[in-house]
Amino acid sequence: RPVREAMGEMLEGAGYEVRMIRDGFAAAEAVRSEAFDLITLDLNMPSLDGMTVAEAIRKSPLNAKTPVIVVSAYLSEGVMSELRGKEITRFLSKPFFPDELIAEVKRTLSAE
């Protein structure tokens with residue numbers, strides 16, 4: 001929760017409209033019913049892990065092509081390879097500085 005709220009505040013402060021979702025189960029539900037311009041996804045979440053949510057994102061007709069930035073302290077080469085198999089190619093390792101998050105969001109949105 002503290003990381004989610006801090007990231008939300010950083011992005012709102014940079015002028016982005018943010019929807020914070022409390023856990024993995026709620027995130028999987030949200031991607032089935034709502035389209036997003038960009039999704040930031042932590043791998044370690046309550047109720048449902050980020051890998052499962054990544055699969056739900058790619059299976060969702062509304063978000064199958066939505067860019068996803070995985071934010072995690074657990075970004076080994078194996079984990080990133082597995083995520084690339086789920087068509088996720090953007091990563092940000094924790095800990096990070098606010099300007100790193102904002103820069104990655106800008107890069108990702110401008111690439112789309």
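Which helix and strands do the buried residues of helix 5 pack against?

## Basis of the report

This is a predicted model, in which local features need pLDDT of at least 70 and side-chain atom pairs count only at pLDDT 80 or more, while totals for chains, interfaces and linings use all residues. Residues are numbered from 1 along each chain as its sequence is written, and side-chain values use heavy atoms, with hydrogens and water left out.

## Helix 5 and its surroundings

The buried residues of helix 5 pack against helix 1 (2-13), strand 2 (68-72) and strand 3 (90-93). Helices (H or I, at least four residues) and strands (E, at least two) are DSSP runs, numbered from the N terminus.

In helix 5, the buried positions (under 20% relative accessible area, 1.4 Å probe, protein chains only) are L101, I102, E104, V105 and T108. Seen down the axis of helix 5, these buried residues fall within an arc of 160° and so line one face of the helix; the arc is that of the directions from the helix axis to the C-beta atoms. On the other side of helix 5, D99, S110 and A111 are exposed, a term that stands for over 50%.

## Residue L101

L101 lies in helix 5. L101 counts as buried because its relative accessibility is 0%. Leaving aside neighbours within four places in sequence, L101 is in contact (heavy atoms within 4.5 Å) with M7, M10, L11, L92 and F96. The C-alpha atoms of L101 and K59 are separated by 26 Å, and the two residues are 42 residues apart along the chain.
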